[in-house]
Structure formats: C-alpha cells, structure tokens
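Open the model in your viewer and keep the sequence panel beside it. The stops below go from the whole chain to single residues.

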Amino acid sequence: MPGCPASPPPAPSPGAALRVWWARRPPTAGAAVMATGIVSVGLRLTGYENLSRVTLAMACAAWVALAADFAVRLVRRRERWLTEAGTPGALNAVAATTVLGTRFSALGRHTLAEALLALAAVLWPVLLVTVVRRWKRGMPGTVFLGCVATQGLAVQGAVLARAEALAWLAYTALVLFWSGLVLYVVALALFDLRQVAEGAGDQWVAGGALAISALAGAELLTADDGNPYLWNDDDTGVLRTVTVALLVLALAWYAVLLVAEVRWPRLRYDMCRWATVFPMGMTAAATLSVAAAADVPSLKGPGEVLLWVAVAAWLVVAAAALSEALTSLKASGRASVRASVRSRAPR
C-alpha cells in the first residue's frame with residue numbers, strides 16, 4: 001500500500017550461503033584430508049589410539065564430502081571437472097585416499113583398504129597424465145604432488161602386501177617407489193625455488209614428497225615380514241640406504257622451510273596451509289617408521305617431537321580455516337541480502 005514501508009527482504013538461507021562457500025572450494029582442499037589423515041597415522045605410531053581414531057573420523061567425514069562433490073562435478077559439471085583435473089591439486093584426491101587406506105589397514109579393515117587402494121589406482125593414471133601435460137617451469141610446490149600420489153600408492157601397497165602376504169603387490173609397490181623418485185627429480189627441476197620465500201604454504205610439499213618416499217621405503221623394508229625372502233640381502237641393503245638418505249633429505253628440507261617461515265613470515269591464512277601441515281605430519285610419521293624399519297632407535301625421540309609440532313600446526317590451521325569459513329558464510333549471506341534488495345527495488 002502507498003506509504004507503507006517496504007517489507008524487509010527474507011533472511012538468506014544458511015544452506016544457500018553454505019553452497020556458495022562450498023562452490024568456491026579449490027581442488028587443493030583435499031590437502032586437509034591428507035593432513036588430518038597423516039596426523040592420525042602418527043598418533044597411532046606413538047600409541048595415542050583414541051586420538052588417532054578421532055582424527056581418522058574427521059578425515060573420513062571430509063573425504064566423503066569431497067568425494068561426493070568430485071562425483072557430482074564429474075557428472076553434472078564436466079567442463080569444470082576437466083579444468084580442475086588438470087591442476088596439480090587434483091592429485092590430492094589420490095594421495096588423500098591412500099592415506100586413509102593406509103590407516104584402515106592398521107585397523108585390520110583390509111577389505112575397505114583394498115577398495116580405497118583400487119579407487120586410488122584407477123584415479124592415479126588419469127589425473128597424473130592430465131596434470132603432467134600442463135607442467136612447466138616455475139611451478140609452485142604442488143608440482144611435487146605427482147611424487148606424493150605415486151608414493152602414497154607405494155605405501156598402501158606395501159602395507160597391504162605385508163598384511164596379506166601378497167608378493168606381487170609388494171613388487172608393484174617397489175616399482176611405484178622408484179617411479180615416485182623419478183617424478184620427484186622432474187618436479188624439482190620445474191619447481192620455482194623462490195616459493196621457499198614467497199609460497200603460501202604448498203612449498204612444504206617439496207620436503208613432504210621426500211618424507212612420504214622415505215615412509216614408502218620403510219614400509220617396503222617391513223613388507224618382508226609377511227613375505228619371507230621377498231627381498232634378498234642386496235635388495236634390503238639398497239632399500240635401507242635409500243630410505244635413510246631420503247629421510248635425511250626430508251629433514252633437511254624441513255629445516256630450510258622452517259627457517260624460511262621465520263625469515264619471511266606469512267601469517268595470513270590460506271587453504272595451502274594444509275599443504276604445510278601434511279608434510280610436517282608426514283615427516284614425523286616417516287621418522288618414526290624408519291626408526292623401526294631401519295633399526296635406528298635414536299630416531300624415535302625426534303619423530304615424536306615432530307609429531308607434536310605437526311599436531312600443533314594442525315590445530316592452528318584448523319582454527320584459522322574455521323574462522324575463514326564462518327567469515328565467508330557471513331559475507332555470502334550479506335551478499336544474498338543485497339541481491340534480494342536490488343531485485344525488489346522499483347524499476
């Protein structure tokens with residue numbers, strides 16, 4: 001009626017704001033699953049089983065949400081899926097799946113672990129080829145995800161080979177282990193070293209890729225427990241030497257990257273910070289695993305220290321991510337209100 005005040009616009013739907021926020025999620029979001037999953041693995045290695053299971057549940061919930069979105073985009077938004085599949089971050093899907101599969105193997109859930117390994121094995125060649133085609137010089141730290149995804153398959157393959165005494169799977173894991181090292185060398189040649197000082201967080205994958213390679217080597221060494229005479233003395237000697245060398249290099253990268261964080265602090269939250277937590281947790285898990293597999297007990301103490309550093313980093317990044325998500329949801333809600341007001345304005 002004339003003279004009556006205009007009715008206020010309806011409050012924005014929380015679901016609509018959530019969908020807007022979720023749609024803006026980059027492919028690198030899978031790093032959060034990887035980070036949470038490897039923290040769960042590290043907590044199990046140090047005897048904190050209850051905490052390990054809690055973090056595993058969180059990683060599984062995030063994985064299910066991302067997997068559902070992955071499938072929806074593949075079916076309904078094929079062009080966007082193809083675009084994102086060509087980015088290095090797409091390989092997070094493979095790596096995250098293998099991390100969860102490895103943790104489920106430790107729980108004795110071998111059938112579920114096998115299903116996750118099969119899924120990762122199907123995704124790996126498709127995504128790897130798509131990503132590698134777009135590699136070029138001056139890449140960020142995500143270029144090392146080709147190595148990470150490949151070594152993730154090697155780790156889970158070696159774990160299942162030991163649990164189920166499958167020699168063929170151990171040999172396949174060994175091939176993947178060496179292939180991952182080749183991919184690391186290629187990625188290192190393409191990596192922009194300026195990212196050490198300028199990267200948003202994913203520069204840590206340069207060290208994390210070596211750490212997961214060391215973990216793969218450790219698991220291959222212990223795969224012989226379930227397959228007597230799987231490796232001869234020469235094989236074991238080479239594997240042990242390479243594994244220890246990889247761990248030393250991973251620790252060296254860790255030190256360099258930590259010094260760079262102090263020298264060039266980057267305190268603002270970025271999704272890539274999950275790609276910082278994952279290498280931290282992976283370095284801890286690799287140190288603890290190599291300590292047992294290569295019979296170097298002196299590494300156990302440093303491995304536990306690195307684990308709690310990773311847990312602290314996980315808590316900080318998780319808190320920052322939650323704060324950023326709430327801020328984004330509020331901004332999306334305000335944008336919906338403004339759009340509603342404009343749509344109701346008289347023309």
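Buried means under 20% relative accessible area, exposed means over 50%, and partly exposed is in between, with a 1.4 Å probe and protein chains only. By that rule, 49% of the 347 residues of the chain count as buried. This is a predicted model, in which local features need pLDDT of at least 70 and side-chain atom pairs count only at pLDDT 80 or more, while totals for chains, interfaces and linings use all residues. Residues are numbered from 1 along each chain as its sequence is written, and side-chain values use heavy atoms, with hydrogens and water left out.

**Whole chain**

Colour by secondary structure. The chain shows 13 helices and zero strands; helices (H or I, at least four residues) and strands (E, at least two) are DSSP runs numbered from the N terminus. Turn on the surface next: its accessible area is about 16,600 Å², and carbon and sulfur atoms hold 67% of that (Shrake-Rupley method, 1.4 Å probe; for residues, only the protein chains shown count as cover). Contact here means heavy atoms within 4.5 Å. Among contacts with a separation of 6 or more, 83% join residues 24 or more positions apart.

**Helix 8**

Select residues 167-190. Helix 8 has 24 residues and reaches 35 Å from its first C-alpha to its last, close to the 34 Å expected at 1.5 Å a residue; the expected span is 1.5 Å times one less than the number of residues. Its buried residues include Leu-169, Ala-173, Phe-177, Gly-180, Tyr-184 and Leu-190. Now add helix 6 (110-132), helix 7 (145-164), helix 10 (205-223) and helix 11 (233-263), which are among what covers those buried residues.

Stay on helix 8 and pick Leu-183. Leu-183 is buried, at a relative accessible area of 15%. Leaving aside neighbours within four places in sequence, Leu-183 is in contact with Leu-128, Trp-135, Gly-146, Cys-147 and Thr-150. Draw a distance from Leu-183 to Thr-150: their C-alpha atoms are 8.6 Å apart, with the two positions 33 residues apart along the chain.

**Cysteines**

Cys-147 has a relative accessible area of 1% and is buried. Cys-60 is buried as well, at 18%. The structure holds zero disulfides, a disulfide being a pair of cysteine sulfur atoms within 2.5 Å.

**Gln-156**

Move to helix 7 and select Gln-156. Is Gln-156 buried or exposed? Gln-156 counts as buried, because its relative accessibility is 0%. Not counting residues up to four places away in sequence, Gln-156 touches Thr-97, Thr-98, Gly-101, Thr-102, Ala-113, Leu-116 and Leu-117.

**Two loop residues**

Select Ala-165, in the loop between helix 7 and helix 8. Its phi is near 55°, a positive value in a residue other than glycine. Ala-165 is partly exposed, at 44% relative accessibility. Then go to Asp-295, in the loop between helix 12 and helix 13 (300-344). Asp-295 has a positive phi of about 55° although it is not a glycine, and it is exposed, with a relative accessible area of 64%.

**Cavities**

On a 1 Å grid over the protein atoms alone, a cavity is a set of points where a 1.4 Å probe fits but cannot get out, and lining residues have an atom within 4 Å of a point. Grid points are joined across faces, edges and corners, and a volume is the space filled by probe spheres set on the points. The whole structure has three cavities of 30 Å³ or more. The largest cavity holds about 90 Å³ of space. Of its twelve lining residues, select Ala-31, Asn-92, Leu-145, Val-205 and Ala-275, the closest to its centre. Helix 2 (30-45) and helix 12 (274-293) are the elements that give two or more residues to that lining.

Definitions and conventions. On a 1 Å grid over the protein atoms alone, a cavity is a set of points where a 1.4 Å probe fits but cannot get out, and a pocket is an open set with protein on both sides within 12 Å along at least five of seven lines; lining residues have an atom within 4 Å of a point.
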